[in-house]
Amino acid sequence: MMDEKKGQEKLTKNDFRKVFWRMQTMQFSWNYERMQNLGYLYTIKPILKRLYSNKSKEERSIAMKRHLEFFNTNPIVSGPIIGVTAAMEEQGGNTLGQAISSIKVGLMGPLAGVGDSIFWLTWRPICMSIGAAFAAQGNPIGIILALLMFNIVSISMKYYGIKYGYEKGASFFQEAKDSGIIQRYTTMATILGLVLVGGLIPQMVAIKIPFVATIGQVKVEIQKILDSIMPYLLPLLFTLLCYRYLKKGKSSVILLLLIIVLSIVLKGIGIL
């Protein structure tokens, strides 16, 4: 338990509960200069308020300025960094100022990679694809199911990430980074996401050629020929085309608008 550690305990469960709820707003004050720094300071402020309550105004100012430095990671996996930071603030405060800043910088990059691969590129597409499959059948439970699936996992990760980071301190995450286990999990999550998203292409992308060519007395259905070559060939090619477009750094918003316009036109001529 967070407030049952041996030694001179200062932080309480209530402090971490406040941190957890504030953590949900970390992205609200995102900026192009220092990214999530304002959100991070707001999130960890209950920790600083507890630990520096009997310190001078100058020391409190130094601590707050330290957490206004550049910070950017996947918000879902920021819990362990907050937990580690809290443990180090409790152990040494401003005397560990440089070490605290260094551990934040050292962890935010690798954990951002893990968070983006697992949550943004794997788990979120899976949840939304399942929800979209229900919605495509006219079932309103789709959006509810998608949000529940995603948030149960992400919110649990945030809560237990703070707890785990605090209890384990900086040592575990440094060891994990040095051992390469973070990179291995990132690679596995990426592969899993590609397999699952690829399997959803036939369900979510519907493209067909309704035209029938007449050669003499023989009618040739072009779609059947394509299916004999490779089922769902057109949805696959269209998905790869969109992927190539995005890889060139083009806007996903523009791509979405183009798809909407193209879908309306193709639906009107019977291709979709």
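Good morning. I begin with one residue near the end of a helix pair: setting aside neighbours within four places in sequence, Leu-246 is in contact with Ser-251, Ser-252 and Leu-255. Leu-246 belongs to helix α9, and its relative accessible area of 38% makes it partly exposed. Please bear in mind throughout that this is a predicted model.

Let me place that residue in the whole chain. The protein has ten helices and two strands. In sequence order, the elements run α-α-α-α-α-α-α-β-β-α-α-α. Of the 272 residues, 33% are buried. If one takes the contacts with a separation of 6 or more, 67% of them join residues 24 or more positions apart.

I now turn to the helix packing. Two packed helices are described by the angle between their axes and the distance between the axes. I shall take three pairs in turn.

The first pair is the one that holds Leu-246. Helix α9 covers residues 233-247 and helix α10 covers residues 252-268; they pack at an angle of about 150°, and their axes are 10 Å apart. How are α9 and α10 oriented to each other, roughly parallel or roughly antiparallel? An angle over 145 degrees counts as roughly antiparallel, and α9 and α10 are therefore roughly antiparallel to each other. Their crossing is right-handed. On the α9 side, the contact is formed by Phe-238, Cys-242, Tyr-245 and Leu-246; on the α10 side, by Ser-252, Ile-254, Leu-255, Leu-258, Ile-259 and Leu-262. Sorted by class, nine of these residues are nonpolar, one is polar and none is charged.

The second pair is α2 and α4. Helix α4 spans residues 78-92, and its axis comes within 11 Å of that of α2, at a crossing angle of roughly 25°. That makes α2 roughly parallel to α4. Here too the crossing is right-handed. From α2, the residues in the contact are Tyr-40, Thr-43, Ile-44, Ile-47, Leu-48 and Leu-51; α4 supplies Ile-81, Ile-82, Thr-85, Ala-86, Glu-89 and Glu-90. Which classes of residue make up the contact of α2 with α4? There are eight nonpolar, two polar and two charged residues.

The third pair again involves α4, now with α1. The axes of α1 and α4 come within 12 Å and cross at roughly 145°. The crossing of α1 past α4 is right-handed. Phe-16, Val-19 and Met-23 of α1 meet Ser-78, Gly-79, Ile-82 and Ala-86 of α4. Five of the residues in this contact are nonpolar, two are polar and none is charged. Ile-82 and Ala-86 were also named in the contact with α2, and they appear once more in the contact with α1.

I move to the cysteines. How many disulfides does the structure hold? The number is zero. Cys-127 is buried, at a relative accessible area of 0%. Cys-242, which we met in the contact of α9 with α10, is also buried, at 14%.

Next, some backbone geometry. Most residues other than glycine have a negative phi, and most peptide bonds are trans. Against that background, two residues deserve a look. Met-35 is not a glycine, yet its phi is positive, at about 60°. Met-35 lies in the loop between α1 (13-23) and α2 (37-51). Is Met-35 buried or exposed? With a relative accessibility of 18%, Met-35 counts as buried. Tyr-232 also has a positive phi, near 60°, and is likewise a residue other than glycine. Its place is in the loop between α8 (222-229) and α9. Tyr-232 is partly exposed, with a relative accessible area of 48%.

My last residue is Ile-209, found in the loop between α7 (181-204) and β1 (212-215). Its relative accessible area is 24%, and Ile-209 is thus classed as partly exposed. Which residues does Ile-209 contact, once neighbours within four places in sequence are left aside? They are Ile-222, Gln-223, Leu-226 and Leu-234. Between Ile-209 and one of these, Leu-226, the separation is 17 residues in sequence and 9.2 Å in space, C-alpha to C-alpha.

Thank you. I am glad to take questions.

Technical notes
Residues numbered from 1 in each chain as written. Predicted model: local features only at pLDDT ≥ 70, side-chain atom pairs only at ≥ 80, totals over all residues. Heavy atoms only, no water. Axes fitted to C-alpha atoms, helices over the stretch in contact; angles between N-to-C directions. Helix = DSSP H or I, 4+ residues; strand = E, 2+ residues; numbered from the N terminus. Parallel < 35°, antiparallel > 145°, perpendicular 65-115°, else oblique. Left-handed = near helix turned anticlockwise from the far one by under 90°. Contact = heavy atoms within 4.5 Å. Nonpolar A, V, L, I, M, F, W, Y, C, P; charged D, E, K, R; others polar. Disulfide = S-S within 2.5 Å. Buried < 20%, exposed > 50% of the residue type's maximum accessible area, 1.4 Å probe, protein only.
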